[in-house]
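Please find below some notes on the model, set out as numbered points. They deal with charged pairs, helix faces and aromatic rings.

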Amino acid sequence: MPEVTLDETDFEILRRLDEDGEVSVDELSDELDVSASTIYYRLEGYREQGIVEGQISKLDPQKLGLGLTAITEIDANYDGPGYEEIAERLSALSGVQRVFFMLGEMSFYVISRVRDHEHLQTLMESIIQTEGVENSNTNVVLRTFKDEDRLLVNYDDEDLETIFE
């Protein structure tokens, strides 16, 4: 993977995009005292380099009726399908939001958002029936203290400076 070189202006643009994905080019131009054409040029460069992908609005799962979050640990057997195939099958299950292939005791961690216990049971049955899954352990989240998809807002200024040096 080629190394990406970013300067202070790139850092500030990316930081603002991470804070507010709906910030306009004109707002960025005014805030950073950089021409709008420079902002457009750099945004296009970020997309070409794969730093910025698409535009996603953050949806509130609670307000959409997806009130249960489940974290499932999965132990898999790779004698049949390999880990990539198992991951694809798990990723395709309705309600699955994230699938992580792990180094350690468990093979996968799966994060799911479901409507209710009945929906969770249906998902768990689907996971158990997935070829290659040996066993699973599911935990239901009682309360969420942090669930942040944005990247840069998770770091303090000192760490961000180290990342963008």
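**Notes on the model**

1. Glutamate 19 makes a salt bridge with arginine 16, and the closest N and O atoms of the two are 3.4 Å apart. The model is a predicted one. Both glutamate 19 and arginine 16 belong to helix 1, where they sit 3 residues apart, about one turn of the helix. Arginine 16 has a relative accessibility of 16% and therefore counts as buried, since the cut-off for buried is under 20%. Glutamate 19, at 38% relative accessibility, counts as partly exposed.

2. Glutamate 19 also forms a salt bridge with arginine 15, with 4.0 Å between the closest N and O atoms. Arginine 15 and glutamate 19 are 4 residues apart in helix 1 (residues 8-19), which means that about one helical turn separates them. Arginine 15 is partly exposed, because its relative accessibility is 22%. The general background is that an α-helix has 3.6 residues a turn, so residues three or four places apart point the same way.

3. Which residues are linked with Arg15, Arg16 and Glu19 in a network of salt bridges? The other members are Glu31 and Asp157. The structure holds 11 salt bridges.

4. A further salt bridge joins the side chains of arginine 89 and glutamate 85, at 2.2 Å from N to O. This pair lies in helix 4, and because arginine 89 and glutamate 85 are 4 residues apart there, about one helical turn separates them. Arginine 89 is partly exposed at 29% relative accessibility. Glutamate 85 is also partly exposed, with a relative accessible area of 35%.

5. Helix 4 (residues 83-91) has Ile86, Ala87 and Leu90 as buried residues. Seen down the axis of helix 4, these buried residues fall within an arc of 100°, so they line one face of the helix. Glu84 and Glu88 are exposed on the other side of helix 4.

6. Helix 3 covers residues 36-49, 14 residues in number. From its first C-alpha to its last, helix 3 reaches 20 Å, close to the 20 Å expected at 1.5 Å a residue. Its buried residues are Ile39, Arg42, Leu43, Gly45 and Tyr46. Viewed down the axis of helix 3, the buried residues lie within an arc of 160°, and so they line one face of the helix. The other side of helix 3 has Ser37, Tyr40, Tyr41 and Glu48 exposed.

7. Now the aromatic rings. There are 4 aromatic pairs by the rule used. In one of them, the rings of tyrosine 83 and phenylalanine 101 have centres 4.3 Å apart and planes at 10°, so the pair is stacked; the cut-off for stacked is under 30 degrees. This pair links distant parts of the chain, with tyrosine 83 in helix 4 and phenylalanine 101 in strand 2, 18 residues apart. Strand 2 is made up of residues 96-101. Tyrosine 83 is partly exposed at 38% relative accessibility, and phenylalanine 101 is partly exposed with a relative accessible area of 44%.

8. Phenylalanine 101 also pairs with phenylalanine 108: the ring centres are 5.3 Å apart and the planes stand at 50°, so the pair is tilted. Is phenylalanine 108 buried or exposed? Phenylalanine 108 counts as buried, because its relative accessibility is 0%. The partner, phenylalanine 101, is partly exposed at 44%.

9. Ring pairs link Tyr78, Tyr83, Phe101 and Phe108 into a cluster. Tyr78, Tyr83 and Phe101 also form a nonpolar patch on the surface, with about 300 Å² of accessible area together. Why is phenylalanine 108 not part of this patch? Patches are made of residues with over 30% relative accessible area, and phenylalanine 108 has 0% relative accessibility, so it does not qualify.

Definitions and conventions
Residues numbered from 1 in each chain as written. Predicted model: local features only at pLDDT ≥ 70, side-chain atom pairs only at ≥ 80, totals over all residues. Heavy atoms only, no water. Patch = residues over 30% accessible without salt bridge, like charges linked within 9 Å, V, L, I, M, F, W, Y side chains within 5 Å. Areas by Shrake-Rupley, 256 points an atom, 1.4 Å probe, with all protein chains shown as cover. Helix = DSSP H or I, 4+ residues; strand = E, 2+ residues; numbered from the N terminus. Buried < 20%, exposed > 50% of the residue type's maximum accessible area, 1.4 Å probe, protein only. Phe/Tyr/Trp six-rings, centres within 6.5 Å; stacked < 30°, edge-to-face > 60°. Expected span 1.5 Å × (residues − 1). Arc of directions from axis to C-beta.
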